[in-house]
Structure formats: structure tokens, C-alpha cells
Amino acid sequence: MIHPIRAGRRAWLRAATTLAALAACGLSAVSTAQAQAPRELRIGVASHVRSLDVNEATGNNEAQFLHNLYDTLIERDNYASPLKFVPGLATSWKMVAPTTMELVLRDGVVMHDGSVMGAEDVKFSLERVFAPKDPRFRAANGRFFYNFKSVDVVDRLTVRIHTHRPDPLMETLLSARNAGITSKAYVEKVGLDAAALKPVGTGPYKVELLKPNEQAILVRHDKFWGERPPFDKLTYIRIPEVAARITALVNKEVDFITNVPPDQEAAVRRVKGFRIVGAALPIFHVWVINMSHPQMANPDLRRALNLAIDRELLVKALWGGRGKAPKAHQFAEYGEPLYMPDLNFYRYDLEGAKALLKKANYKGEPIEIVFFPEYYLYGDLGAQAVADMWKKAGINVKLRQSEAFFGTGDHTHVHMRPWSNPMYYPDPMGAFDTHWSPSSWVSQKGLWKPASPDWKATYEKARFATDQKERVAAYRKLQELADAESGWIVLYQPYEGYAMREDIEWKIPTAQRPYELTFRAGQVSSKR
């Protein structure tokens, strides 16, 4: 029925055959090709970007670039658990009032255009997302900064950041990459659109060229305030198909590729000269149910859709058992006591689903699943698998492929749409508040409309309580209320791999959001 799925399978088989043939001949892709100059890293990515404005870009695709271009006032140790903050563009910070943090800025930070960063750049960058006047900054505001109020310039190297109410996550949110700093004078000179195509930040790399959704070239920023980055150039090339990415790696057209599924890892390993780094990422592939759609407004129908999905089978079939089938909207990375392993809401109960469909008076009205064939690895296969499961429950399913997101505009016709819920920081709010807060786009567009009278007060405690016991209790209740609402469908935590030349040393950062490609000094190296 869905030809792109079958075509994708054939492409992956062709790639596996090519790799197996190379292995059988005893060839090494690295040794049989002219060695690539060690100062350039060429990266094959599944999805690309249309722009690179740090205060606007919130997607998984944009996360691959921003860490290398921009700095935040407060940075994180990429691998520390629990979360550890380190100086970034601010050398020190302290709370001077319950809702005010004072930060001392690093002196002499040269930006990509040669100007020197100052307090006015910080105020300009942050207030764009603290109180957005341009709609392009509303997504970042709703995800991270809706409790932030303003920035006061004390002097050239001192700022005070104000929140509307005391915030236990203030340091954490200021370390989010969307709190990166850009040049006020540059943006005002060239305009928002031009600045997004060739932005000016303070990071170790700067943009030399951006061809939207095709290619990006980042070059070393010679006057970077920190340690010299390991490469002179980073070249990102969009290669949407898995087979084509693997072939490009084997043929030495790229040095590093993203989004390698488990069923292709063995084929890559059989060819000498490559290594793979992979993990079940702290991110959920999710379908957002449109609770404003008349057909989807019935909670019994929504609960039936959740019960009719065998998530363990999905993980086994799509991810070779190496992904994770969640029991609730939470990640083990939170640590105790905020991670609650006893929660078990996402159960497979086919008969229970049929009973709820009958209770909902479901008469076989079609329910449409939309999927994006390139953005989410195996999103198409997952949609087809769930459609088959739902048909067993008696649900009339239609599949529709969309080439682009529809995060804005009219949603009245949409039954549900795919999304992801990455853990932006290791805290329950790092995946919950960033996606399901009253300020998030799904709330603003009416897709997420919790009906429980206890929801708002419970959410407030889970988000803002400073007493840990109170916060844990509120978060547990929030999970229970969310299960009763069933306004979304969590499918799984995907397992995804990164393949690279064997001389490249890189590991997935655990204290940053999934899909960040961290190519600064100390984060990646090459033995060449």
C-alpha cells in the first residue's frame, strides 16, 4: 500500500549487499582510497535545515549544528550525571533576589564578525525569546523561556536576568542551546532572514556557506575565546536515505554519518575501517492526537488507540530489540526519585481496546496516520506497523505521507501527527514541560487540551515546587492525569547509531539533548 516503505527496504538491502561484497573481498574502504585531509570532517545527515538562528531553531535537525556555532552563558559538562554546570560566556553567576540572577560576562569574546560581545548582545539575544514579538521565536519561548521576563544591563560585562516567579530550573534553562548569544548589531544591520542564513555567534566554528536543506559548511573561528577546535572545517551534507548515507561513508565521500538503524550496523562493521557508536536515545517518537477534532475528542477512543499498540513488538521489529518500550512518559536518566520505574501506563491490551471502542460508540470512522518519510528514522515503517495493529482492534486506518511538517496553520482537519519528545535536560520537565506546557505549540494550537480540573494546579507544583518531595508527588499525579487524558501516543525510544571512520573518537553526549553533534575541542578527535 505504501510504496515508499517498500522502496526504502529495497534500498537498505542494496546497501547491505554492497557492504557485504566489500567485506568478502577483504577490502578496507579507508586503505583503498586516498586519505582525507584530517582537518576537515564531512558529515552525512538525514535531515538538514532552512536556517540557523539559535534563538529560533528548536528541531532535531537543527540540533546537529547549533552546539558548534553558539555559546550559552552557562554551559554543561556534556557527560556529567547529575547535571554539572560550567562557565560559558559568563564566568560567574549568583542569585541576588528570588527572581533575579546576576551574571558576570567573559571579557574579550570575539564574535564571528570580529566584533566583541557585550551585555547588549546578551540582552538582545535573550529578550527575543523571553518576550517574543516576532512569531519565529515563540517556539523557543514556549519550550524553555516562558517564565523569563527580561534582561537588565548593569554594565558592559554584567547583566541581571529576571523571571516572573522563582524558578528551580533557571540555570538549566539558561544552558539550553536556544539561549545562545548572537550579535545585536549584525542582526539589526542585515535583518533576521539574512542573519539566519549566515549567523554570527561566538562558538568555535562559523558559517561559511548554507544551502538550505542541502549543505552547510562551517569553518574554524580563529578568534574563538576557548580551546582551538580539532577541525578546520565541518561540512554537513544532506543524504536522506539510509542506503545512500552508508554508501557515501564506504566510498569515502563522507567521514561520519547519522541515523544508522540497528539492522545496518552489522553490515557496516564487516567493512574494515569504520566504527559505530549507538544508543537507545532519551527521546520518544510520539503521535500527537488532535483533541480539538470532534472525532478525537472522546477520551475512551484515545485510550483505545493507546491500548491497541504492542510497543514491545515495535521495538523488536524496528530496532532489533535495542530501543526501549516505555511504560510512561519518563526517562531513566532523571535518576531517583524523579524517575519512577513502577509506573506502567503504556500496556498492550487488545481486548481492552475493543471494549473501549465499543464504549466510545466507534462506528468505523476513518482515522488518519500522517508520517514524514525522511525526518524520523523508521517513521514510515512504524506508521504501517501501528496501522496493522489498529486494524486488528477494528479501527479503520488511513495512512498519509507528508513531505513537510505542519506545525503551524490550520489543524482542524488533522486526526494526529508525528512528533518527537526529546529529553532536553535530565529532569522530568526536560521532556514534559518542553512539549506539553500551556505555552507549547500543541497547547496554543488546541491539539493538547487536558480536561481534568486538577491538571493546572498539579502542573504548577511539578514545574515550580522547590521542595523535592512535593515535586515528586505532583509529577506522579501528573503522569496519572496524563494517562487518563491520553492526548498523545508514545511509541518507543529509538535506537540510533552513528558510523564513522575508525580513527575518529566521538561519543554521544549524555547531558545534552539527543541529536546534538558536538565537535568542539575535547568532544571529538582524529588520530590522523
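Here a trainee and a mentor talk through a predicted model, from its aromatic rings to its sheets.

Trainee: Let's start with the rings. How many aromatic pairs does the count come to?
Mentor: Two numbers describe a pair of aromatic rings, the distance of the centres and the angle of the planes. For the pairing itself, the centres have to lie within 6.5 Å. By this rule the count is 28 aromatic pairs.

Trainee: Take Phe 432 and Tyr 459 from that set. Are they stacked, edge-to-face or tilted?
Mentor: Their centres are 6.2 Å apart and the planes make 45°. Stacked needs under 30 degrees and edge-to-face needs over 60. An angle of 45° fits neither, so the pair is tilted.

Trainee: How many residues apart are Phe 432 and Tyr 459?
Mentor: Phe 432 is in the loop between strand S16 (416–422) and helix H14 (433–436). Tyr 459 belongs to helix H16 (residues 455–464). The pair links distant parts of the chain, and the separation is 27 residues.

Trainee: And is Phe 432 buried or exposed?
Mentor: The cut-off for buried is under 20% relative accessible area. Tyr 459 is at 4%, so that one counts as buried. Phe 432 has a value of 0%, and therefore Phe 432 is buried.

Trainee: Which residues form one aromatic cluster with these two?
Mentor: Phe 432 and Tyr 459 both belong to the cluster. Their fellow members are Trp 419, Trp 436, Trp 441, Trp 448, Trp 455, Tyr 475 and Trp 488.

Trainee: Some rings have a charge over the face. Which residue lies over the face of Tyr 79?
Mentor: One case elsewhere is Arg 463, over the face of Phe 464 at 4.3 Å from the ring centre. For Tyr 79, the distance from the ring centre is 4.4 Å, and the residue is Lys 507.

Trainee: Now Asn 306. Which side chain does it join in a polar contact of 2.9 Å?
Mentor: Asn 306 is in helix H10 (residues 299–307). Its relative accessibility is 9%, so it counts as buried. Leaving out residues up to four places away in sequence, Asn 306 touches Arg 311, Arg 347, Ser 486, Trp 488, Ile 489 and Val 490. The 2.9 Å polar contact is with the side chain of Arg 311.

Trainee: On to the sheets. In the open sheet of seven strands, which strands stand at the edges?
Mentor: The order is S8-S9-S10-S1-S11-S18-S12, with mixed pairing. An edge strand has a single partner, so one side of it is left without a neighbour in the sheet. Those strands are S8 (205–211) and S12 (274–280).

Trainee: Inside that sheet, which residue of S18 stands opposite Ile 257?
Mentor: Strand S11 (residues 256–260) pairs with strand S18 (residues 495–501) over three bridges, in the antiparallel sense. Opposite Ile 257 stands Ala 499.

Trainee: There's also an open sheet of four strands. What is the bridge partner of Val 104 in S7?
Mentor: The order of that sheet is S4-S5-S7-S6, and the pairing is antiparallel. Strand S5 (residues 100–105) and strand S7 (residues 158–163) are joined by five bridges. The partner of Val 104 is Thr 158.

Trainee: Which helix packs on this sheet?
Mentor: Look for the one touching S5, S6 and S7. Its direction makes about 170° with that of S6. That is helix H3 (residues 119–130).

Note on methods: Residues numbered from 1 in each chain as written. Predicted model: local features only at pLDDT ≥ 70, side-chain atom pairs only at ≥ 80, totals over all residues. Heavy atoms only, no water. Phe/Tyr/Trp six-rings, centres within 6.5 Å; stacked < 30°, edge-to-face > 60°. Helix = DSSP H or I, 4+ residues; strand = E, 2+ residues; numbered from the N terminus. Buried < 20%, exposed > 50% of the residue type's maximum accessible area, 1.4 Å probe, protein only. Lys NZ or Arg CZ within 6 Å of the ring centre and 35° of its normal. Polar contact = N/O pair within 3.5 Å; in protein donor to acceptor, adjacent residues only side chain to side chain. Contact = heavy atoms within 4.5 Å. Pairing = 2+ DSSP bridges. Axes fitted to C-alpha atoms, helices over the stretch in contact; angles between N-to-C directions.
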